[in-house]
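Hi,

Here is the structure I promised to pass on. Have a look at it first, and then read my notes below.

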Amino acid sequence: MLGQDRGVTRLDPAVLEAAVAALTDAALADVVAVVAWPDPAAGRDADGRPRAVLVADHGGLARLDAENPDGVAMSGRHPLPSTDPLAFLPYAAEVAEPSPAHERNAYPLPWLRLSSFFADRRSPDLAIVHTAGHYFPDEGGHRGEHGSLDVIQSRAPFLVSGAGVRVRGLVPGHARLVDVMPTLAWAAGVEREALEHLDGAVRDDLVGRGAAYVVGLLWDGGHPGSLLDLAERGVLPNVARLLERGCALSGGAVAEFPSLTLVNHTSMLTGVGPGRHGVVGNVYWDREQGRRVVPNDAATWHRTGELYRDDVTTLFEAVATARPGVRTASVNEMTERGSWASTFALVRAALSSGEALDPGEAGSGESRDFLSAVRALLPDPLASDLVTHARCHEDDDYAFYSAIDLLGLSTMVGLFSAPEDERPRVAWWSQYTTDAAHHHGGPRSAIAVDGLRDCDARLGVLLDHLESIGILEQTLFLLTADHGFETARDDMTGSWTTALHAALDPFGVPWRDEGPGFLYLGGG
Ligand SMILES: [Zn+2]
């Protein structure tokens, strides 16, 4: 039933059809928004990118390609009700209709994002897009969720500030997360020609060149609507401080699909989508190696670079090539290949030294991971006034990531305490408490607000430090996130697993659902 043809799996059309039929049954409409897959009839281009993608829900089927990037209905009604990247704006519209029903939702840039996603053979045969409100705690889901193709889970902040920023205030429009790398690289002195092959664009409408220092700030899962709203209301004074000297796009930056952490950390810092960098999910099946890969895991964060495809260039590598000798830093960020200073390079060094940093883990050899390497080095979040202590008692992840973020802050301040000629000229700092807080309570929950507020307080310490050494005005900042968040709904529970078993098991071919939502048919 299955065969290999120049590295591309040829799967039985009947198996695919059965999966699509099962998943688009109206009985699953509360949990499945749409399914998407490469159109087998259209083939792929030389880079492996499908020439067309099909999208279906319980009411219709559409075909998307380069000429019809929003898709054309092939049967029934169009399964994507809207593709507007600026849907649910202004923010009050999102608040008025949180976790919208599929029929009222928007799915921006579907062709660009889906065709990029399916370009790598690590991608599944079929992607299952959860509804905005799908609640699946039994399969790893949380109260706050992301990963969808939809606009709110895919919307990250895009705020630029300081030296070289051309525009002020809230600017209507949107960027893509793949624009981050080329924009910062160009601002830092990389020539445009070296960036033209990327999926992302240099946003020179917002940013100019000439900043002495470039600092990228990633607040993981930092919900853009909340971020800008809380900044305006005085709850996030340091985001407001950045905004006073810069601008934010109303529609933020559209994440790559799926709107998951490691996919988008990698996309924003390499300027290409998952089909080109190869980190297609937080978990995926590697057909060539016949193994399940879990990139977004504390045990393997320091090895993310091993997953990259051959032609990947990080921001740090681009700057190092264009400006040899210039120091770059990647702080608490998994995308760090080529950086002069890197948290995860320290983790690798600690793990390869054979000396356990945590006495409790001594001698455990290969089983030691990032957690055991850094645990003994982490600050105590309950000893810091930059952390909301009550939230640490409420949620272990909040406590752990607060400690990680305190370590990140001290690393950043340390790097910028060096003599002028030893400081990084391009630095990236990722904070994570925002993600833990939003998973725990969903956007706009009290814990989510505290997560944002704590990250803002730590940002304030960095800004004060840069001001104290006289370089704040010479620094370009870009604040973004890897995805948005929506609140799962108690009335939208359930799973598609039983329906898939009923539809696929009679064929007698192996299949697997990773994520859940990455459906691999045929195992080959
Ligand atoms: Zn994330």
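Let's begin with the surface: the protein exposes about 19,300 Å², and carbon and sulfur atoms supply 52% of that area. Do keep in mind that this is a predicted model.

As for charge, I get 42 positive side chains and 72 negative ones. The centres of these two sets lie 4 Å apart.

Now the overall build. The protein has 16 helices and 24 strands. Its radius of gyration is 22 Å, close to the 24 Å that the globule rule gives for 524 residues, so the protein is as compact as a globular protein of that length. If you want a feel for the dimensions, the C-alpha trace spans about 65 × 55 × 50 Å along its principal axes.

On the inside, 60% of the 524 residues count as buried. I also checked how far along the chain the contacts reach: taking those between residues at least 6 apart in sequence, 70% join residues at least 24 apart.

One element to look up is helix H4, which covers residues 180-187. How many of its eight residues are buried? Eight of the eight, so H4 is largely enclosed by the rest of the structure. To find them in the viewer, start at Val180, Met181, Pro182 and Thr183, then carry on through Leu184, Ala185, Trp186 and Ala187. After the helix comes Gly189, which has a positive phi, near 115°.

That's what I have so far. Shout if anything is unclear.

Cheers

Technical notes. Residues are numbered from 1 along each chain as its sequence is written. This is a predicted model: local features need pLDDT of at least 70, side-chain atom pairs count only at pLDDT 80 or more; totals for chains, interfaces and linings use all residues. Side-chain values use heavy atoms; hydrogens and water are left out. Helices (H or I, at least four residues) and strands (E, at least two) are DSSP runs, numbered from the N terminus. The radius of gyration is taken over C-alpha atoms; the globule rule is 2.2 Å times the number of residues to the power 0.38. Buried means under 20% relative accessible area, exposed over 50%, partly exposed in between (1.4 Å probe, protein chains only). Contact means heavy atoms within 4.5 Å. Accessible areas come from the Shrake-Rupley method with a 1.4 Å probe; for residues, only the protein chains shown count as cover. Lys and Arg count as positive and Asp and Glu as negative; His and the chain ends are not counted. The place of a charge is taken as NZ of Lys, CZ of Arg, CG of Asp or CD of Glu.
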